[in-house]
Amino acid sequence: MQISCGTDIIETKRIKDAVARWKEPFLRRIFTPREIEYSMKRKFYFEHLAARFAAKEAVLKGFGNGFTSANLRDVEIINDVHGRPNVVLKGQMEKLRKKKNINTITISMSHTRDYAQAMAILIG
Ligand SMILES: CC(C)(COP(=O)(O)OP(=O)(O)OC[C@H]1O[C@@H](n2cnc3c(N)ncnc32)[C@H](O)[C@@H]1OP(=O)(O)O)[C@@H](O)C(=O)NCCC(=O)NCCS
């Protein structure tokens, strides 16, 4: 069995400022429609967006590859009915998952007004 992990932490203000400055184009470049809908419904939407940003980077680190806005969108974070976040891979990231024989990815995230962090564990 092969296990790898990735982690990331981000200042939530970076995301708040980016949304204020770049608005929809920024959101659409980084996040999927479902991630935007989930986060923007919430009072402190930038915390949820920042946590998703950290989660995407944590998954990419787990794979050991670099970041582009295209592959950030190919890592989607979707919550189940209990609120637990799950990772859905698409496009190039799904191809990479198959190539690296990764079967399971688990993610955990936490956020406060100032910071958001995430950890991903990849099992193959
Ligand atoms: C998981 C839980 C402990 C979060 O704790 P918290 O200190 O308030 O918040 P954190 O910033 O540490 O974590 C929030 C993240 O936890 C994750 N989370 C939420 N429910 C989760 C669950 N059941 N399992 C795993 N992770 C969960 C989510 O990713 C959430 O962020 P998101 O909404 O942006 O996706 C809390 O929401 C919980 O106990 N939920 C399950 C039971 C429940 O829904 N109770 C109702 C409130 S009493």
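Which strand does asparagine 86 lie in? Asparagine 86 lies in strand β3. This model is predicted. The report starts with the fold, moves to the hairpin and the core, and ends with the ligand shell and some exposed residues.

## Overall fold

The chain has 5 helices and 5 strands. From the N terminus on, these elements run β-α-α-α-α-β-β-α-β-β. The radius of gyration is 14 Å, close to the 14 Å that the globule rule gives for 124 residues, so the chain is as compact as a globular protein of that length. Along its principal axes, the C-alpha trace spans about 40 × 25 × 25 Å.

Of the 124 residues, 35% count as buried. Contacts often reach far along the sequence. Among those between residues at least 6 apart, 61% join residues at least 24 apart.

## The β2–β3 hairpin

Strands β2 (residues 75-79) and β3 (residues 85-89) run antiparallel and are joined by 5 bridges. Two facing positions can be named. Valine 75 stands opposite leucine 89 in β3. Glutamate 76 stands opposite valine 88 in β3.

The hairpin has 5 residues between its strands. Glycine 83 in this hairpin takes a positive phi near 95 degrees. Glycine 83 is also one of the residues that surround the ligand.

Back to asparagine 86. This residue counts as exposed, with 12 C-beta neighbours inside 10 Å. Leaving aside neighbours within four places in sequence, asparagine 86 is in contact with Ile78 and Asp80. Asparagine 86 and glutamate 76 are 10 residues apart in sequence, and their C-alpha atoms are 8.2 Å apart in space.

## The nonpolar core

In soluble globular proteins, nonpolar side chains tend to be buried together. The largest nonpolar core here has 27 residues. Those with the most contacts inside this core are Ala54, Ala55, Val59, Ile107, Ala118 and Ala120. The elements that give two or more residues to the core are α1 (12-30), α3, β2, β4 and β5 (115-123). Helix α3 gives the most, with 11 residues.

What is alanine 55 in contact with, leaving aside its neighbours within four places in sequence? The partners are Ile77, Pro85, Ile107, Met109, Ala118 and Ala120. Three of these names, Ile107, Ala118 and Ala120, also stand in the list of residues with the most contacts inside the core. Pro85 and Met109 turn up again around the ligand.

## The ligand shell

The ligand is surrounded by His48, Ala51, Asn79, His82, Gly83, Arg84, Pro85, Met109, Ser110 and His111. The elements that give two or more residues to this shell are α3 (45-63) and β4 (104-111). Strand β4 gives the most, with 3 residues. Helix α3 and strand β4 thus link two parts of this report: both also give two or more residues to the core. By class, the shell has 3 nonpolar, 6 polar and 1 charged residues.

## Exposed residues

Buried or exposed: how do lysine 23, asparagine 101 and asparagine 103 count? Each of them counts as exposed. The table gives their places and neighbour counts.

| Residue | Place | C-beta neighbours inside 10 Å |
|---|---|---|
| Lysine 23 | helix α1 | 10 |
| Asparagine 101 | loop between α5 (91-99) and β4 | 9 |
| Asparagine 103 | loop between α5 and β4 | 10 |

Lysine 23 and asparagine 101 each have a backbone angle to check. Phi of lysine 23 is near 50 degrees, a positive value in a residue other than glycine. Phi of asparagine 101 is near 55 degrees, again a positive value in a residue other than glycine.

Asparagine 103 has contacts beyond its own stretch of chain. Leaving aside neighbours within four places in sequence, asparagine 103 is in contact with Ile123 and Gly124. Arginine 21 is another matter. Asparagine 103 and arginine 21 are 82 residues apart in sequence and 38 Å apart in space, C-alpha to C-alpha.

Key:
Residues numbered from 1 in each chain as written. Predicted model: local features only at pLDDT ≥ 70, side-chain atom pairs only at ≥ 80, totals over all residues. Near = placed C-beta within 6 Å. Helix = DSSP H or I, 4+ residues; strand = E, 2+ residues; numbered from the N terminus. Nonpolar A, V, L, I, M, F, W, Y, C, P; charged D, E, K, R; others polar. Rg over C-alpha atoms; globule rule 2.2 N^0.38 Å. Buried ≥ 20, exposed ≤ 12 C-beta atoms within 10 Å, placed from the backbone. Contact = placed C-beta atoms within 7 Å. Pairing = 2+ DSSP bridges. Core = buried A, V, L, I, M, F, W, Y, C linked by C-beta atoms within 7 Å.
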